[in-house]
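Reader: I am in my first year and would like a close look at one part of this protein, a residue in a loop. Please go on from there to the parts that can be described in detail.

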Amino acid sequence: MEKKISTLIENIKNSESRDLVYYWEEEKSFPEFVDNFKGLKLDPRIVKVLNSSGIKQLYVHQYDSIKKILNGQNLMLNAGTGSGKTEAFIIPIISECLKNNDKCFAILIYPTKALALDQMDRMYQLTKELGIKIAKYDGDTPYDQRNDILNNPPNILITNPDMLHRNIQDKNLQKILSTIRFVVFDEIHNYSGVFGSSVHYIIKRLKRFMENPQFICLSATIGNPKKFAENLFGENFKLVESKKILRRKRKHLMIKPNHSKYSEAVYLTRALSEKIGIKTLIFCESHLSCELLKKIADFRNIRLGIHRAGINIKHRSKVEQMLKNSKYNAVVCTPTLELGIDIGDLGAIINLSIPPTFSRYLQRVGRSGRRNEESIDILLIGEDPISNYYMHHPSEYYGSSPEPVYIDPENPDVIKKQLISMCIDNPLVPHDLLSLNEKEKEIMRELLREGYIQIQDKLYIVATDKGEKLFYTINLRGSGDEVLIKCNGKIIGKREKQLAIRELYENAIYMAGGHDYIVEKYDIDNDVAYVKELFKRRKYYTKALYNSTISNFKLINNKIVKGIIVNYGEGEINEKVDGYIIKDLVENKTLQKKELSVPLTYSYKTKMLYINLPFNSKYNISDRIKASHTIEHLFIHAGISLTGAKITEFGGISYPNGSIFIYDYMPGGSGLARLLFARFDKILMRSFEILKNCHCERDGCPNCVFSPFCGSNNEFLSKSIAINVLSDILYNNNDKLSLIFSKTPIK
Ligand SMILES: [Zn+2]
Ligand SMILES: [Zn+2]
């Protein structure tokens with residue numbers, strides 16, 4: 001097989017159809033082993049079972065983790081995929097549990113149900129043999145079983161944050177919480193942004209019913225593991241890290257094809273999965289690119305499974321199984337397969353485009369190369385500015401560091417919802433109030449005034465009907481409403497409402513799970529799209545022509561920072577689809593342009609920050625366009641590090657006159673824009689520092705001004721003009737009269 005891979009790489013090198021931009025071989029690297037379990041004070045029964053199942057050694061990071069857990073310390077383990085993180089916490093937990101197995105001892109919290117199921121299956125072997133009861137309690141657990149589980153609790157309970165959020169109020173669950181000694185959160189790099197801020201509060205809510213539990217958290221490689229864990233849990237942590245584990249030699253290739261990236265991905269999939277017989281996973285960034293690749297592969301008779309968010313869960317688990325059992329040798333996916341679900345032994349990863357963060361590149365390639373053979377990891381680059389940059393600086397890409405992740409415990413919208421939830425879990429008593437910080441107390445008073453909570457018998461604070469009503473609408477994951485996609489009365493998929501109008505307009509070709517459908521009707525008021533299956537797949541696809549604008553800005557608060565009026569308020573994001581184009585599948589040429597008889601529109605209210613950049617007369621119109629667009633990107637980048645948001649949680653729109661809007665992507669608002677407003681002086685400074693600290697020789701690069709989610713393909717950007725405009729603001733703002741702004745620019 002190694003010879004075949006070498007031949008393929010030779011062919012790629014010598015080919016006219018593609019450019020091998022970079023090739024790098026990463027050597028196998030094993031961390032040191034500790035030879036036995038001596039010095040760990042493990043229960044002899046678990047040592048016996050481990051020995052008989054062939055586990056006689058531990059990696060140093062596993063050994064260190066076990067030791068710290070048994071010493072009673074909170075642990076953060078930061079290590080890549082496939083480094084045995086599960087063993088590092090489950091061995092000491094089981095060992096302690098054996099000494100005391102009559103109650104529920106540990107709660108394991110996973111970010112997704114699929115991962116929880118997968119992990120439970122893996123742990124079951126070990127727990128069964130030792131007579132330890134383990135059970136899963138989540139949205140997929142049938143209602144009649146939920147009560148059984150809570151009435152007869154297992155020793156180890158597996159669940160997720162959403163399930164806990166809804167059910168902490170259950171008295172049986174509270175009883176279980178009171179006996180828990182270990183709280184484990186796996187894959188905590190998922191808990192950034194608004195979701196992370198909510199999880200921070202769920203942890204606080206859990207603590208109300210627990211007696212000094214020990215926290216263990218695990219993460220894929222991130223840039224700031226200890227700090228992130230301490231912020232999330234509000235506790236001190238001991239850090240154990242394992243920088244790198246490579247069980248196979250890994251070959252990284254950066255390829256720039258001279259034709260479409262889809263054709264290239266299909267060529268590589270055929271070469272790897274069919275000719276060499278290597279199991280291959282292809283990552284795409286969007287539903288559309290995932291479906292397009294599947295369709296092109298179908299036309300070229302390449303067997304390819306598809307796995308993405310938005311199509312039904314049955315289809316997805318079937319594809320996982322088929323990949324595991326080698327019924328599929330290649331699967332195309334969105335980031336759905338990034339998390340550690342066991343999908344068997346993969347040999348190759350292809351990224352159709354550059355992943356949004358380097359941490360995610362590491363996570364994806366970590367899926368390949370689990371046994372003793374070589375693995376091959378391919379990154380395809382295209383024509384966009386981010387690709388162009390790395391085309392000229394490829395080694396910089398592979399030398400990147402994992403990005404830090406953030407949460408903000410001060411997000412007022414999250415605090416509001418979580419304090420109401422806290423009152424629903426159990427009425428607050430004076431003792432609870434002592435543990436609230438100033439910000440939380442202030443929001444408590446607001447909630448009392450607004451009638452979400454009330455004081456009862458002069459002693460308790462409880463939720464009112466209004467508060468309860470709000471509680472049942474809380475969605476921790478921060479997405480808005482969803483549109484159901486129905487075919488012959490059956491639901492075949494879902495789509496977030498903000499994106500649905502771009503995909504479900506009348507006569508659109510909607511692709512799902514490798515089938516073509518035509519949209520017959522989109523009932524926007526009832527959030528349902530009706531589609532009909534086309535039994536013959538079409539050699540074309542449709543793409544909406546749309547635009548987004550902002551209207552009805554209503555000021556909530558404003559202030560002057562460095563001579564600029566900074567406005568915070570509510571406004572409407574208006575998405576409009578006028579028509580669509582029909583594009584050829586293979587050559588990507590536009591075949592036809594169609595107008596919709598009635599344009600499709602969708603507006604939603606959200607919270608936003610709005611400013612008007614002051615321009616002096618030296619800037620011409622082109623400078624102004626570039627400065628506005630660049631600074632819009634910078635505000636979002638700076639906002640991520642200063643508010644803990646994920647990049648997809650902000651939207652931005654800029655206008656040539658210097659108006660910049662940064663809005664909460666979540667309908668209704670997520671609290672992030674409000675934080676931008678409160679910290680606007682820091683946002684300005686951080687934006688300026690991002691530019692100044694980036695030493696790119698071009699007029700901007702992926703580290704300073706490019707954004708992986710830019711709707712204008714990262715065009716009309718300029719680092720140098722943005723530096724000038726920002727330094728005018730930061731350092732020469734005495735000439736305030738020359739600044740042109742208006743309070744309500746848009747009606
Ligand atoms: Zn740069
Ligand atoms: Zn942009």
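Author: A definition comes first: helices, of at least four residues, and strands, of at least two, are runs assigned by DSSP and numbered from the N terminus. The model is predicted.

With those labels, Arg208 can be placed in the loop that runs between helix α9 (193-207) and strand β9 (214-219). Is Arg208 buried or exposed? A residue counts as buried with 20 or more other C-beta atoms within 10 Å of its own, and as exposed with 12 or fewer. Arg208 has 16 C-beta neighbours inside 10 Å, so it is classed as partly exposed. Leaving aside residues up to four places away in sequence, Arg208 touches Asp425 and Asn426. His259 is 51 residues from Arg208 along the chain, and the C-alpha atoms of the two are separated by 59 Å.

The next step is the division into domains. The domain assignment gives domain 1 (2-27 + 247-398), domain 2 (33-241), domain 3 (412-471) and domain 4 (545-736). The C-alpha centres of domain 2 and domain 4 are 41 Å apart. Contact between these two involves 5 residues of domain 2 and 7 residues of domain 4. On the domain 2 side, the touching residues comprise 1 nonpolar, 4 polar and no charged residues.

Further along the chain there is a sheet. Its 5 strands form an open, antiparallel arrangement in the order β24-β25-β26-β28-β27. At the edges stand β24 (540-561) and β27 (650-654); each has a single partner strand, so one side of each is left without a neighbour in the sheet. On average, and with direction ignored, neighbouring strands are turned by 30° against each other. The antiparallel pair β27 and β28 (residues 659-664) is joined by 5 bridges. Ser654 stands opposite Ile660, which belongs to β28.

Last comes a pair of helices. The axes of α24 (residues 680-692) and α25 (residues 719-731) come within 10 Å and cross at roughly 145°. The crossing of α24 past α25 is left-handed. From α24, the residues Leu684, Ser687, Phe688 and Leu691 take part in the contact, and on the α25 side they meet residues including Lys719, Ala722, Ile723 and Leu726. Sorted by class, the residues of this contact are 8 nonpolar, 2 polar and 1 charged.

Terms used. Residues numbered from 1 in each chain as written. Chains lettered and ligands numbered in written order. Predicted model: local features only at pLDDT ≥ 70, side-chain atom pairs only at ≥ 80, totals over all residues. Axes fitted to C-alpha atoms, helices over the stretch in contact; angles between N-to-C directions. Left-handed = near helix turned anticlockwise from the far one by under 90°. Nonpolar A, V, L, I, M, F, W, Y, C, P; charged D, E, K, R; others polar. Domains from an automatic or database assignment. Pairing = 2+ DSSP bridges.
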